[in-house]
Amino acid sequence: MTNLMTTSDPIPPQTLAEMIAYYRARAAEYDAWFYRQGRYDRGEENNRRWFVETEIVAAALEEAKLQGHVLELACGTGIWTQRLLPQATRITAIDASPEVIEINRGKLNDPRVTYVQADLFSWKPSEKYDGIFFGFWLSHVPRERLDAFWKKVAEALRPGGKVFFVDSLRCHTSTAVDHRLPESGQLMTRRLDDGREFQVVKNFYEPREIEAAAHSAGMRMSVQSSGEYFLFGDGAL
């Protein structure tokens, strides 16, 4: 697949649908990325750095103290849901993929977690939450939808509610050995183990962009880097 879009081109609905299809098809492979297995194994030194940085982010998440009723957007296979459970009273976990929801449910098997299958681009919050978390989701938000996304986050928070997110920095060793990061535009070609290819939205936002969008939605937000691999931020309404 060839990326013919420029940075300013809006992402069409069919591309967002293709991204959902990709994550549904990738459900059983997803954890290999996070745990640096198979095509994501980048050698001992890179892997070591990756896991050091994941613990930096995990420590920051623990310090942020997302307590009470926590909303997890794009909950995936439960890697971060597990990290949220020790402090949360209950979690509402949303994802567009029923396949990853089932993996998440199987890992946690915890009655405090309620799962909702929904497309986050059309989902609207029906209640207020004490905290909101999203891991590796913000980079999939098209640039033309960034402000609207942060307004949706603010709408779902109680006054004083907290937000924490983690996402990817631009680093070629963060992805599979047969993936190439985009030089420009908002799209990236992703390949599954069986060779099938999909186009997904992949934006590497600067901290100031994220902070400005959150601020315009009425939130305080501070964004920082773990080093090579991750961008993370915490804030409040």
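Biologist: Which residue takes a positive phi just after helix 7?

Modeller: Gly218 does, with a phi of about 95 degrees. "Helix 7" is a DSSP label: helices are H or I runs of at least four residues and strands are E runs of at least two, numbered from the N terminus. This is a predicted model, in which local features need pLDDT of at least 70, side-chain atom pairs count only at pLDDT 80 or more, and totals for chains, interfaces and linings use all residues. Residues are numbered from 1 along each chain as its sequence is written, and side-chain values use heavy atoms, leaving out hydrogens and water.

Biologist: Is Arg39 buried or exposed, and how do you know?

Modeller: Buried means under 20% relative accessible area, exposed over 50%, and partly exposed in between (1.4 Å probe, protein chains only). Arg39 has 15%, so Arg39 is buried.

Biologist: And what makes Asp178 partly exposed?

Modeller: Its 29% falls between those two limits, so Asp178 is partly exposed.

Biologist: Why is the pair Glu29 and Arg39 called a salt bridge?

Modeller: The term needs a side-chain nitrogen of Lys or Arg within 4 Å of a carboxyl oxygen of Asp or Glu. For Glu29 and Arg39 the closest N and O atoms are 3.8 Å apart, so the pair qualifies. Glu29 sits in the loop between helix 1 and helix 2, and Arg39 in the loop between helix 2 and helix 3.

Biologist: How do you know that Asp178 pairs with Arg39 as well?

Modeller: Their closest N and O atoms are 2.8 Å apart, so this pair also meets the rule. Asp178 and Arg39 are 139 residues apart in the chain.

Biologist: Which residues are joined in the network of salt bridges that share partners?

Modeller: Glu29, Arg39, Asp178, Arg191, Asp193 and Glu197.

Biologist: Back to helix 7: why do you say that its buried residues line one face?

Modeller: Ile210, Ala213 and Ala214 are buried there. Seen down the axis, the buried residues fall within an arc of 100 degrees, so they line one face of the helix. That arc is taken from the directions between the helix axis and the C-beta atoms. Exposed Arg208 and His215 are on the face turned away from the buried side.

Biologist: What makes strand 3 and strand 8 edge strands?

Modeller: Two strands pair if DSSP finds at least two bridges between them. The open sheet has 7 strands in the order 3-2-1-4-5-9-8, with mixed pairing. Strand 3 and strand 8 each have a single partner strand, so one side of each is left without a neighbour in the sheet.
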